[in-house]
Structure formats: structure tokens, C-alpha cells
Amino acid sequence: MQEILDAILAEQFSEISGLDLPDHYRGVTVHADEADMFKGMATRDKDPRKSLHLDDVATPELGPGEAIVAVMASAINYNTVWTSIFEPMSTFGFLKRYGRMSELTKRHDLPYHVVGSDLAGVVLRTGPGVNRWKAGDQVVAHCLSVELESPDGHNDTMMDPEQRIWGFETNFGGLAELALVKSNQLMPKPAHLTWEEAASPGLVNSTAYRQLVSRNGAGMKQGDTVLIWGASGGLGSYATQFALNGGATPVCVVSSPEKAAICRKMGAELIIDRSAEGYRFWKDEQTQDPSEWKRFGGRIRELTGGDDPDIVFEHPGRETFGASVYVARKGGTIVTCASTSGYMHEFDNRYLWMNLKRIVGSHFANYRESWEANRLIAKGLIHPTLSKVYPLADTGQAAMDVHTNSHQGKVGVLALAPREGLGVTDPELRERHLEGINRFRGI
């Protein structure tokens, strides 16, 4: 592993193919025999630092259409939090089902799960049938894993019946020194970014692109008013950038003055601090408060000069969904994913059906959407939202930050990279965009 790292740090990428592939590597795992460790505990009390382990694991067999990547850096997504607290279910059920598909997929059904759905690194080996990528290529990976043996996925690969999220519903994820990916997960690493910066957009950037911009999501157009919940967070910070970059007007909902300041740094002007303004959409656990929906809608109109949102970018879920349906304009779209505050949404259907609104479910992104989202990063039109970086050994704390919402933007993790700041191959482009790249750092 050290020889591989030395070659990467020396930018001797042409020599990578001649180096031996290690038979073991360090990866962040959860263990099947600990899946009940938090049983009976409230979600907020479950601690990823207790369930995430840094283990020495065997390098998996390389199959057709696959690649093994030396991971320089990765990042934390909410799916790693779900994995670490075994909610809403243990991911070992996903691995067992995948393992039953074929002799090759049996590799994934193990008593440990190497987690993580982001990476930036260098290709070490490719399997039979891989032509576009070769050892030494500097890459990032998106997290869509598909088989594409069914016709259902050939118009939109997200519709493949065997669609999975790599590192969550498959093994050998990106929070590790090595990762196993399908070759159609790979994309060129943006040359002006460091390893940790390049690793951080993947999942959330692609998710936000499909959810907001793609015709498979809300199909945002110039002039749209877009209400964005959690506008400074992992998903929302990219939605805010896409809205601004695409000629729409974001209305950014945040929960503190500090988060409002981040949105202003991105260029947003219309901001609602829901904590300062005291919105309480639920009277109690069972009863929502429509008068608060109305007050919230009035505040949006006040900011926009009378416009209701054409699009509501929804991901908190249960806590906010009733308000989201209410405030969307007649004929508007509520596009939803994640539901981090709860999956069981409740809303007053009169405001949906009588006003011809649409609810659109959105889940990650297909390869084309991910490629386009990454291309915008590579061109310097959209920037990473990396705020803090941990070493691989402290992944549990990084996940805890996300679990407790004590972070901003994205939390990165160094894998093989010995320190931050490495991997830039286009310093001129970086210099032009340095302020945007660093907006979230240290916050």
C-alpha cells in the first residue's frame, strides 16, 4: 500500500499498473453481530462512534466491468449514519439479498460491511470489459450501482430493478483505503480540487442535480422561485448553488444566523431563519398547525414580492412536509427525498389536489445526471461545500457530527491521503475559484 501511495504522491500515475495489489486494506466497517447494539434506544442517543470500526479487511475479487480504486479521500453522507445506527434497518439484509443474485455478488455478503458512498482516488485495476478507464486514472465515483440486465433501466438507470446505492446497499465502500466500484460509477476528478474537496460533492451534488434540475426531478427553469429547506446543509447547499447558477431565485430556509450567513456567501438574498422566527409546524406529535403553514407562506410572499414557490426542495420529511405542500404555488412541484426527520409524511390533500400540485419522488441520480453534476464542479460553476476533514480513524466522530447536525455542508474523511491540500493539478483554475471553494471551511 505504501508503494501505491508513494507513486500517487509523486504523480507517477503511469507506474501504478506495475505495482502489486495489496491483499488486505483498512476499511471502516459495521459488524453483523452488533446489529442489535442500540436496540431500545432513541435514535438521537445512538452513537456511530461505538458501531463504526476501522478494520483490516480482505481485498475483494475483481469482476467484469469493475475497478479497484485507491481511495485518497471520502466523505460522510446520511446513509452512513443510518448504517451506523442500524436504522431504519440493518444493511446486512441488503448485502444478503445482493449476495443471492450470483456467484460474483456473493462477495458482498459478509459479516462486516465496508461503508461509504463517496470517493476520490486513483484506479489501480480494472476488470474484463473495462475500456474507458485504466490504472493511474484520477477519478471520483458516484454511488449508483446497477446491473442493467432488465429493460426497465435502459431509459433511466435509476429504474433498474437491481439499482443499489454503493457502500450502503453494497459492500466495499469508499470509507477505506481501497474500494470496489463498477466502472460506470467512475468520473474524472476535477483537476482544480484537492482529494478531500473532490470527494465531498459526489452523492449530494448528484442527488440535488436530479432532484432540482433534471427532467426526472423538478425540471427547474430560469425565473423559478425555489424554496430550499436546510439550504446550507449537505443537500441544500448544492440546491442553492444550482438555483443561483440556473437563473432561479432560491428562498433559503435555515436554522441559525450562522447558516444564513453561509447562504449569503453563496449569493442568496432571500433567507428565512426558522428558529429565529419561531415556526412550529406541529402542535404535538400527532397534530400539525395549519396556522403556522399560513404564517410561513406569508413570509415567503413577503420576501418574494408575492410569489409562491414554483418548486419546494424537500428532504427533512415529516417535520416540514405539510408546510411544503401548503406553500407551493398552484401547479407547483414538491420534490422529495431522504426524510431525515421521519418517513411518515402527513399533509392536507386539499391543498394538493385542488391546486393541481405535484409530489415527485427523487432518489440519487443516473450516470448521465451524475456526470453532468460533476462536470459543473470541474468547470468551477458549482463548488464543494466541505467544512471539516477527519482522518479515517476518526470516521465515527465524523458520522456523529452529521448525526447530531453539528456540521455545515459536507464532512470529509482522509483515507490514503496523508494530509489535506494534495491532488491539485490545475492550480490556475483553483486560484480563480478559491473563495468559492473555501466558503464552508472552518464553519
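These legends go with a set of close-up views of one predicted protein model.

**View 1. The whole chain, before zooming in.**
Start with the overall fold: 15 helices and 18 strands. The radius of gyration is 21 Å, close to the 22 Å that the globule rule gives for 443 residues, so the protein is as compact as a globular protein of that length. If you like box dimensions, the C-alpha trace spans about 65 × 50 × 40 Å along its principal axes. Buried residues account for 60% of the 443. Take the contacts between residues at least 6 apart in sequence, and 73% of them turn out to join residues at least 24 apart. On the outside, the accessible surface adds up to about 18100 Å², with 48% of it belonging to carbon and sulfur atoms. As for charge, there are 46 positive and 56 negative ones, and their mean positions sit 6 Å apart.

**View 2. Helix α3 and what surrounds it.**
Helix α3 covers residues 78–85. Seven of its eight residues are buried, so the helix is largely enclosed by the rest of the structure. The buried ones are Asn 79, Thr 80, Val 81, Trp 82, Thr 83, Ser 84 and Ile 85. What do these buried residues of α3 pack against? Their partners are a mix of helices and strands: β1, α2 (48–51), β4, β8 (164–165), α6 and α13.

**View 3. The stretch that follows α3.**
Look at the backbone here. Just after α3, Phe 86 takes a positive phi of about 60°. Then comes a cis peptide bond, running from Glu 87 to Pro 88, with omega near -5°. Pro 88 itself lies in the loop that links α3 to α4. Carry on past α4 (92–99) and you get to Ser 102, in the loop leading to β4 (112–114). Is Ser 102 buried, exposed or partly exposed? Its relative accessibility is 29%, so it counts as partly exposed, since that class runs between the 20% and 50% cut-offs. Back in α3, Ser 84 is just 18 residues away from Ser 102 in sequence, yet the two C-alpha atoms are 27 Å apart in space.

**View 4. Thr 395 in helix α13.**
Thr 395 belongs to helix α13, which covers residues 395–403. With a relative accessible area of 1%, Thr 395 is buried, because anything under 20% falls in that class. Which residues does Thr 395 touch, not counting those up to four places away in sequence? They are Val 28, Leu 52, Ile 76, Leu 175 and Val 413. Val 28 makes a nice pair to pick out: Thr 395 is 367 residues away from it in sequence, but their C-alpha atoms are 7.4 Å apart.

**View 5. Asn 366, in the loop ahead of α12.**
Asn 366 sits in the loop between β16 (358–361) and α12. It may be in a loop, but Asn 366 counts as buried, at 9% relative accessibility. Leave aside the neighbours within four places in sequence, and Asn 366 is in contact with Leu 144, Asp 156, Thr 157, Met 158, Arg 210 and Asn 216. For a sense of distance, put Ser 145 in the frame too: its C-alpha is 9.5 Å from that of Asn 366, with their places 221 residues apart along the chain.

**View 6. Helix α12, end to end.**
Helix α12 takes in residues 367–378, and its 12 residues should span 16 Å at 1.5 Å a residue; the end C-alpha atoms are 16 Å apart, which agrees. Its buried residues are Glu 369, Ser 370, Glu 372, Ala 373, Asn 374, Leu 376 and Ile 377. Those residues pack against two strands, β6 (138–141) and β10 (186–188), and two helices, α6 (202–213) and α7 (236–245).

**View 7. Two loop residues with positive phi.**
Glu 11 is not a glycine, but has a positive phi of about 55°. Ser 339, also not a glycine, has a positive phi of about 55°. Glu 11 is found in the loop between α1 (2–9) and β1 (24–31), while Ser 339 is in the loop between β15 (333–336) and α11 (349–353). Which of the two is buried and which exposed? Glu 11 is exposed, with a relative accessible area of 52%, whereas Ser 339 counts as buried at 8% relative accessibility.

Methods. Residues are numbered from 1 along each chain as its sequence is written. This is a predicted model: local features need pLDDT of at least 70, side-chain atom pairs count only at pLDDT 80 or more; totals for chains, interfaces and linings use all residues. Side-chain values use heavy atoms; hydrogens and water are left out. Helices (H or I, at least four residues) and strands (E, at least two) are DSSP runs, numbered from the N terminus. Buried means under 20% relative accessible area, exposed over 50%, partly exposed in between (1.4 Å probe, protein chains only). The radius of gyration is taken over C-alpha atoms; the globule rule is 2.2 Å times the number of residues to the power 0.38. Contact means heavy atoms within 4.5 Å. Accessible areas come from the Shrake-Rupley method with a 1.4 Å probe; for residues, only the protein chains shown count as cover. Lys and Arg count as positive and Asp and Glu as negative; His and the chain ends are not counted. The place of a charge is taken as NZ of Lys, CZ of Arg, CG of Asp or CD of Glu. The expected span of a helix is 1.5 Å times one less than its number of residues.
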